[in-house]
Amino acid sequence: MEVTQGLSVKEKFGYGLGDAASNVVFQVVLNFMVFFYTDVFGLTAAAAGTLMLVVRISDAFTDPIMGGISDRTNTRWGRYRPWLLWMSVPYALLAIIAFSTPDLSVQGKLIYAYVTYGLLMAAYTAINIPYSALGGVITSDPQERASVQSWRFGLAMIGGAVVAAVTLPLVKIFGGGNEQLGFTLTMALLSLVAIGCFLGCFWLTKERVKEKGETHRANFWDDVGAMLSNSQWWIIAIVTFFGLIGIAMRSGATPYYVEYYLNAPESVTLFVTAQMLCGVAGAMVSGYLATRMCKVTIMRIGIAGIIVFQGAMALAPRDAFYLALALLCIANFFHMLFIPMLFSAVPDTVDYGQLKNGKGGMAMSFSGHLLALKFGIAIAGALIGWLLSWHGYVANAEQSDLALKGIVRIYAGAYSLAAVFMFICIMFYKLKKGWKENISP
């Protein structure tokens, strides 16, 4: 059912609260989890890297299962909204537990990290797949979908900026010199904020679009098959995979880059916060451009900017603090110019599949997309740990020249290289402005 009326600012804001909630927790995971494991909890860099990859293997099973479950949920609140209500508290509690540091043996710590991180990611799956699918059934209008995603990522970046600004200071305040206690109490406070934002998203949004075949839903494997046979979905998934490898490597390496390469440990918060604020600007500009330009063109511009400015960061010398900060901010502006358009393309690929062969589930397609995203993050986390170890990184010590080179390669070079692959892939994406009028079964 086509639902193309304009959405109110209140509803777009409400939808954006959902990703703000996710980001309040997930940005801490993305920016500080590897650092927390190596420099606070006491795992080796190699062990932390392997953990980040191994835990993600379970996503290959849980993501499509969650997509199938949420596509078949039927409540008076809709298919996808109720999961925000049901999973917000478990997600918040698991975030606190994952950033707790019980006094265990080395082996016990590793087991604890695997179990708690795995459960946290399972909860993230259970709340984020339905939330993402919700953006596809608020409206069926491609421009409105792009606008909704711009609000989503604008608020996500605001949430991320707040987290970046307060996380380490709160760790110091709450911990009083005890970083282990500081991280636990900080996550407790941030988790309460996340619950409030999830509930706001639940109450301020409405599901309107009914998918074709919704009354007689195809079986689980038909939905999987429809997703895997959709060529345009594959392009978006592959671009997402490469993109998340790059951005997650940069994010995870930020504390190492600022503390050891720039020799400015007190400026980690500044770096993370500044790039988040520039990301807010990028997301808002992306939404504005989406009303005037084809979203594919915007994606190409965003990726090109990433290649240029992210690549330039690899050339910044150690004493060029403000140059490195400026390049990071510009690179993240282009990153967030690109990301809302990428996510708004997912429901378009679902529409494409339904127009071509009458099949495709919204949550299933988003589950596959988020699986590509999480595999990218998992590989990035593993690569950070492995590359740090290979380059001779030693926690809480002066780094060798080789270790410093490794940090720069991870932080500055990885995303630029990944963006080259992204640009090549997006050249094959054909759902440009007005594409629905040119598609026939």
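The following paragraphs go through a predicted model, moving from its nonpolar core to two of its helices, then to its cavities, and finally to a loop and a helix start.

A convenient place to begin is the largest nonpolar core, which has 145 residues, and within which Tyr37, Phe99, Tyr117, Tyr257, Phe271 and Tyr429 have the most contacts. Helix 12 is the element that gives the most to this core, with 19 residues. Apart from this core lies another, of 6 residues, which include Val224, Trp233, Ala237 and Ala372.

Two of the residues just named can be followed further. Phe271 is placed in helix 10, which covers residues 268–290, and because its relative accessible area is 0%, under the 20% limit, Phe271 is buried. Leaving aside neighbours within four places in sequence, Phe271 is in contact with Thr254, Tyr257, Val258 and Leu262, as well as with Phe321, Ala324, Leu325 and Leu328, and with Tyr411. Between the C-alpha atoms of Phe271 and Ala165 there are 9.3 Å, although the two residues are 106 residues apart along the chain. Tyr257, for its part, touches Phe271 and Leu262, and also Met313, Ala316, Ala324, Ile407, Val408 and Tyr411, when residues up to four places away in sequence are not counted.

Helix 12 itself spans residues 321–357, and its 37 residues reach 54 Å from the first C-alpha to the last, close to the 54 Å that is expected at 1.5 Å a residue. Of these 37 residues, 29 are buried, and helix 12 is accordingly described as mostly covered. Just after helix 12 comes Gly358, which takes a positive phi of about 75°.

Helix 13, made of residues 362–390, can be examined in the same terms. Its 29 residues should span 42 Å at 1.5 Å a residue, and because its end C-alpha atoms are 41 Å apart, the expected and modelled spans agree. Helix 13 is also largely enclosed by the rest of the structure, because 22 of its 29 residues are buried. Gly392 follows helix 13, and its phi is positive, near 85°.

The discussion now turns from packed side chains to enclosed space. Rolling a probe the size of a water molecule over the atoms shows where empty space is left. In this model the count comes to 3 cavities of 30 Å³ or more, and the largest cavity holds about 360 Å³ of space. It is lined by 26 residues, of which Asn23, Gln27, Leu30, Phe153 and Met157 are the closest to its centre. The elements that give two or more residues to this lining are helix 1 (9–41), helix 5 (106–137), helix 6 (142–175), helix 9 (231–261), helix 10, helix 12 and helix 13. Among them, helix 1 gives the most, with 6 residues. Divided by class, the lining of the largest cavity has 15 nonpolar, 8 polar and 3 charged residues.

In the second largest cavity there is about 80 Å³ of space. Its lining has 13 residues, and those nearest its centre are Val29, Leu30, Met52, Ile377 and Gly381. Two or more residues of this lining come from each of helix 1, helix 2 (45–57), helix 9 and helix 13. By class, the lining of the second largest cavity comprises 10 nonpolar residues, 2 polar and 1 charged.

The loop between helix 9 and helix 10 offers a contrast in exposure. Asn263 is found in this loop, and its phi is near 55°, a positive value in a residue other than glycine. Because its relative accessibility is 59%, above the 50% limit, Asn263 counts as exposed. Ser267 also lies in the loop between helix 9 and helix 10, but counts as buried because its relative accessibility is 9%. Apart from residues up to four places away in sequence, Ser267 touches Val258 and Phe321, both of which are also in contact with Phe271.

Leu402 provides the last stop, in helix 14 (residues 401–426). With a relative accessible area of 42%, Leu402 is partly exposed, because this value falls between the 20% and 50% limits. Leu402 touches Trp390 and His391, residues up to four places away in sequence not being counted. The C-alpha atoms of Leu402 and Gly182 are separated by 32 Å, and the two residues are 220 residues apart along the chain.

Conventions:
Residues numbered from 1 in each chain as written. Predicted model: local features only at pLDDT ≥ 70, side-chain atom pairs only at ≥ 80, totals over all residues. Heavy atoms only, no water. Helix = DSSP H or I, 4+ residues; strand = E, 2+ residues; numbered from the N terminus. Buried < 20%, exposed > 50% of the residue type's maximum accessible area, 1.4 Å probe, protein only. Contact = heavy atoms within 4.5 Å. Expected span 1.5 Å × (residues − 1). 1 Å grid on protein atoms, 1.4 Å probe; cavity = no way out; pocket = protein on both sides within 12 Å on 5 of 7 lines; lining within 4 Å. Points joined across faces, edges and corners; volume = space filled by probe spheres on them. Nonpolar A, V, L, I, M, F, W, Y, C, P; charged D, E, K, R; others polar. Core = buried A, V, L, I, M, F, W, Y, C linked by side-chain atoms within 4.5 Å.
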